[in-house]
Amino acid sequence: CRCSNVMRVRPRQIGRMCRCTKCGNPIYVTFDNVRPRLDPYDKKLPRMFGEQDVPFYWKKGDLLMELYEVREEIDSGGMATVYRIRHRGWDVDLAVKFPKPELIPDEGWMQTFERECTTWIDLPPHPYVVECHYVRRLGSVPRVFMEYVHSTNLSRRIRDKSFYSQDRGDNFARILDVLIQFAWGIRHAHRCGVVHQDVKPPNLLVMHDNTAKVTDFGLAQRLPGSEGSEYEVNPKYPRGGTPIYRAPEQEHRGQATP
């Protein structure tokens, strides 16, 4: 420390903000300010990456820009990959989602994707909608940073039957409860001038206490005349939702409405 106090640090403290044990001054522990010099290949240390060096896929324990600590891979479906990370500045867990590499054709597509995400970011907080914080490019790939919800999507809970019990009455009450929460979340978006465009069971997260949150507004559009309606989808990169869940107007390339 600048007060001349010397402290011992552990490998897990690399990339963290600590305090001097003598004067209390905050100290950011990095590879550059510890002695002896650290071996970057030491397996006890996290893999560290700068903003442009971030790999496409991550491993548990990776440290990105000394700000995001990768906790686990949550999901890797056909369209996107989702990780849980720890935002060290905010001291909270976040979910980070980004499209698979084969679905990123060019720079124009990424710019359109980022613009569309602002629709989700601009949505006011609501108890039945997953909050999206921001989009940031890491390793030249746009990554969506959102609220982390310890949950399972409705589609998966239906498939593995964890959504149901032996009591039919209890099942009916649970289904009705989740449907109402789903509707409240969608209604909130409509009141804010936003159409989700990809409403389906995989885009509803259900927690253990049956609280449900609508997620993945990545395809959402603002309604004509609503605030911020200048964010129009680039016709060169049409987006239309999941085929088996599309509304008739989406199938016919019409304007999606509430």
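This text walks through the sheet, the helix on it and two pockets of a predicted model.

Start with the sheet. It is open and has 7 strands, with mixed pairing. Read across, the order is β3-β4-β5-β6-β7-β9-β8. Two strands sit at the edges: β3, residues 48–49, and β8, residues 132–138. Each of these pairs on one side only.

Now look at β4 and β5. Strand β4 covers residues 63–64, and β5 covers residues 68–76. They run antiparallel and are joined by 2 bridges. Here Leu63 stands opposite Glu69 of β5.

Next comes helix α1, residues 107–121, which packs on the sheet. Helix α1 touches β7 (92–99), β8 and β9 (141–147). The direction of α1 makes about 160° with that of β8.

Several of these elements return in the largest pocket. Its space comes to about 1,200 Å³. The lining counts 42 residues. Closest to the centre are Ala80, Val82, Lys97, Asn203 and Asp216. Which elements give two or more residues to this lining? They are β5, β6 (80–87), β7, α1, β9 and β10 (152–153). By class, the lining of the largest pocket holds 20 nonpolar, 13 polar and 9 charged residues.

Turn last to the second largest pocket. Its volume is about 560 Å³. The second largest pocket has 22 lining residues. Met7, Arg8, Val9, Asn33 and Val34 lie nearest its centre. Its lining divides into 13 nonpolar, 4 polar and 5 charged residues.

Technical notes. Residues are numbered from 1 along each chain as its sequence is written. This is a predicted model: local features need pLDDT of at least 70, side-chain atom pairs count only at pLDDT 80 or more; totals for chains, interfaces and linings use all residues. Side-chain values use heavy atoms; hydrogens and water are left out. Two strands pair if DSSP finds at least two bridges between them. Helices (H or I, at least four residues) and strands (E, at least two) are DSSP runs, numbered from the N terminus. Contact means heavy atoms within 4.5 Å. Axes are lines fitted to C-alpha atoms, for helices over the stretch in contact, and angles run from 0 to 180 degrees between N-to-C directions. On a 1 Å grid over the protein atoms alone, a cavity is a set of points where a 1.4 Å probe fits but cannot get out, and a pocket is an open set with protein on both sides within 12 Å along at least five of seven lines; lining residues have an atom within 4 Å of a point. Grid points are joined across faces, edges and corners, and a volume is the space filled by probe spheres set on the points. Ala, Val, Leu, Ile, Met, Phe, Trp, Tyr, Cys and Pro count as nonpolar, Asp, Glu, Lys and Arg as charged, and the others, Gly among them, as polar.
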